[in-house]
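Hi everyone, thanks for coming. I'd like to walk you through a structure today, taking the sheets and then the cysteines. Here it is on the screen.

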Amino acid sequence: INSLGSAVCSCPPGFELKDDNKTCVDIDECQIKNGGCQMFCHNSIRSFHCSCSNGYALAKDNYSCIDNDECADGNNGGCSDICNNFPGGHYCSCRKGFRLDIEGKTCLGSRCLSVAVPHHSSLHCKDANKTKVISKPNDYSSQNPPDYPFGTICKVKCGRGFQVNTSYEVIECLEDGNWNATTPQCIASHCPSLMIPDNGDVYPPTCKDDFIPVKQQCYFTCKPGYEMFGGKSMIKCSYNLTWIDDPPSCRPDDITVELSLNENSSNISIPQPITNMEDVEIYPDWIRLEQPIPFPSGKTSILFTVRNVDFNATSQCIMTINVLDKEPPMFVMCPESFNVSDVGYQGVLVTWDEPVATDNVAIQSVVKNLEPNSTLKAGVHFVEYTAKDASGNSAACAFQINITRGHCKDLNDPENGKAVCMDWLMGRLCRPACNPGFSRDPDEPKFFACSDSRKWTPSNTISPCFSVCSNGTEWSAISQSCEEE
């Protein structure tokens, strides 16, 4: 560019002047945050371009990478049956009844090896085409094939007086060429006799026999004034010839009361037990009969014992006092939702006054999903405190914290020039330009970037532009003019 008594060099877009102020060199855009490319950045003369890894294609914005669907290439991704696409690649799979070969591309039909027929049984098999085969043990005239196709169902039928030793009678050939379970075996089918509880009964009548068949369900009851204690009201004869669960016993009825509001105990009077003996031992020893005494929240078991010294005999019964606490805990000073604004990319340290939980009996636990003095990034954060007491009653204190992110502010224009700022990636980019006849020190930065941290790098101030002096003169910062050297 010619000027009075001198000339100034400049460069076309995509180039910048070297330190000699005469030579133009290419600007490497990839050196600044990868040129905005999601994956790879390639610099070229006066420009640059982005590219993607295998399995991805460049999006229309020429910066982002999108998945390349290999299953839509017209060859089904090389799969003989089902092609499954995923970001960056794909894999093959098969329909039911087929499995992949060793190369993972072609599907083959699945078959299961024949199983041995259990003793005291016959094996009834039926495939997906409704073809039936019945096989028996040690019967070589039966048609027991060497293998079965996928979907075949085989049922073990035990002979009279025998039951399968598992909870299932049927096995199925799966698509991977294996049976879904081992073959059930046939065993003798009865459980030992049951003890009828004192002050109770069991039904149906077959539950009182010496030999009770497998799968028989037996139900227990207690006489009026008694309740079941321990065990289960229904037990079942299992396939391994043992009873599932234990039978219950019958004991005197319990007492259940509910705590009054804001109370942590309840006054209850325990009646005198009916017995043919004079002395009754009571445990715990702080229990007093037929007078109100305070019982704490929860269950208190009382053991009554009578003894007959003449016959060296002892009898006991247990009753339970169940004091129910249905009053939930309370939170004092639960915080209101609040906002925190103008934070950077790294987030901000946020704190609050924690709420205090109280209860009429006692707080057992307080759980919170977020601690005070946590560093939170931009977005809405939900905070919840949950308090529980020993009875399982609970209360919640919940509020939310809204964190908003700040923005980059443009740099001030340099003296005798412009900052020339623009949107760039996740922030702003400034490339200073000087007015005609002025230039900046070539050692000064040529680019200034601001990202989500809201901090400008390498500096937040742009150095001034100085007048371009003719040969034999230089710029004076004191006089702000060109002076002879």
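Let me start with a small puzzle: which residue in S17 is the bridge partner of Lys126? Before I answer, please keep in mind that this is a predicted model. The partner of Lys126 is Ile153.

Now let's zoom out from that pair. Strand S14 covers residues 121-126 and strand S17 covers residues 153-158, and the two are paired in the antiparallel sense through six bridges. They belong to an open sheet of four strands, ordered S15-S14-S17-S19, with antiparallel pairing. At the edges of this sheet you find strand S15 (132-135) and S19, each of which pairs on one side only. From one strand to the next, the twist averages 20 degrees. As a general reminder, the strands of a sheet pair through backbone hydrogen bonds, either parallel or antiparallel.

Let's move along the chain to S31, residues 298-308. What does S31 pair with? One of its partners is strand S29 (residues 281-283), which is joined to S31 by three bridges and runs antiparallel to it. Within that pairing, Glu281 has Thr305 of S31 as its bridge partner. S31 is also joined to strand S32, residues 313-324, by eleven bridges, and again the two run antiparallel. If you want a landmark there, Ser301 stands opposite Thr320 in S32. S31 and S32 form a hairpin with four residues between the strands, and in that hairpin Asn312 takes a positive phi near 50 degrees.

Another sheet sits further along the sequence. It is open, has four strands in the order S42-S43-S46-S47, and its pairing is antiparallel. Strand S42 (421-424) and strand S47 (456-457) are the edge strands; each has a single partner strand, so one side of each has no neighbour in the sheet. Inside the sheet, three bridges connect strand S43 (residues 427-430) with strand S46 (residues 448-450), running antiparallel. Leu429 is found opposite Ala449 in S46.

That brings us to the cysteines. How many disulfides does the structure hold? There are 16. I'll show you three examples.

The first example on my list is Cys421 with Cys430, whose sulfur atoms are 1.7 Å apart. The torsion about their S-S bond is about 100 degrees, so this disulfide is right-handed. Cys430 is buried, with a relative accessible area of 0%.

Next comes the disulfide between Cys112 and Cys173, with 2.1 Å between the sulfur atoms. Here the S-S torsion is about 90 degrees, so the disulfide is right-handed. Cys112 lies in strand S13 (residues 111-113), while Cys173 is in the loop between strand S19 (170-172) and strand S20 (186-188), so the pair ties together parts that are 61 residues apart in sequence. Are these cysteines buried or exposed? Cys112 counts as buried because its relative accessibility is 1%, and Cys173 counts as buried at 0%.

My last example is Cys11 with Cys24, joined at an S to S distance of 2.1 Å. Its torsion is about -95 degrees, so this disulfide is left-handed. Cys11 is in the loop between strand S2 (6-7) and strand S3 (15-17), and Cys24 is in strand S4 (residues 24-26), 13 residues away. Cys11 is partly exposed at 22% relative accessibility, and Cys24 is partly exposed at 32%.

What about Cys9? Its sulfur has its closest cysteine sulfur in Cys24, 7.3 Å away, which is too far for a bond. Cys9 is partly exposed, with a relative accessible area of 34%. Cys317 is in a similar position to discuss: the closest cysteine sulfur is in Cys250, 13 Å from its own, and that is too far for a bond. At 27% relative accessibility, Cys317 counts as partly exposed.

One last stop, on the surface. Which residues make the nonpolar patch of about 310 Å²? They are Val332, Met333 and Val356. Met333 is placed in the loop between strand S33 (330-332) and strand S34 (338-343). With 69% relative accessibility, Met333 counts as exposed.

That's my tour. Thanks for listening, and I'm happy to go back to any part of it.

Key. Residues are numbered from 1 along each chain as its sequence is written. This is a predicted model: local features need pLDDT of at least 70, side-chain atom pairs count only at pLDDT 80 or more; totals for chains, interfaces and linings use all residues. Side-chain values use heavy atoms; hydrogens and water are left out. Patches are made of residues with over 30% relative accessible area and no salt bridge: like charges are joined within 9 Å, nonpolar side chains (Val, Leu, Ile, Met, Phe, Trp, Tyr) within 5 Å. Accessible areas come from the Shrake-Rupley method with a 1.4 Å probe; for residues, only the protein chains shown count as cover. A salt bridge is a side-chain nitrogen of Lys or Arg within 4 Å of a carboxyl oxygen of Asp or Glu. Buried means under 20% relative accessible area, exposed over 50%, partly exposed in between (1.4 Å probe, protein chains only). A disulfide is a pair of cysteine sulfur atoms within 2.5 Å. Two strands pair if DSSP finds at least two bridges between them. Axes are lines fitted to C-alpha atoms, for helices over the stretch in contact, and angles run from 0 to 180 degrees between N-to-C directions.
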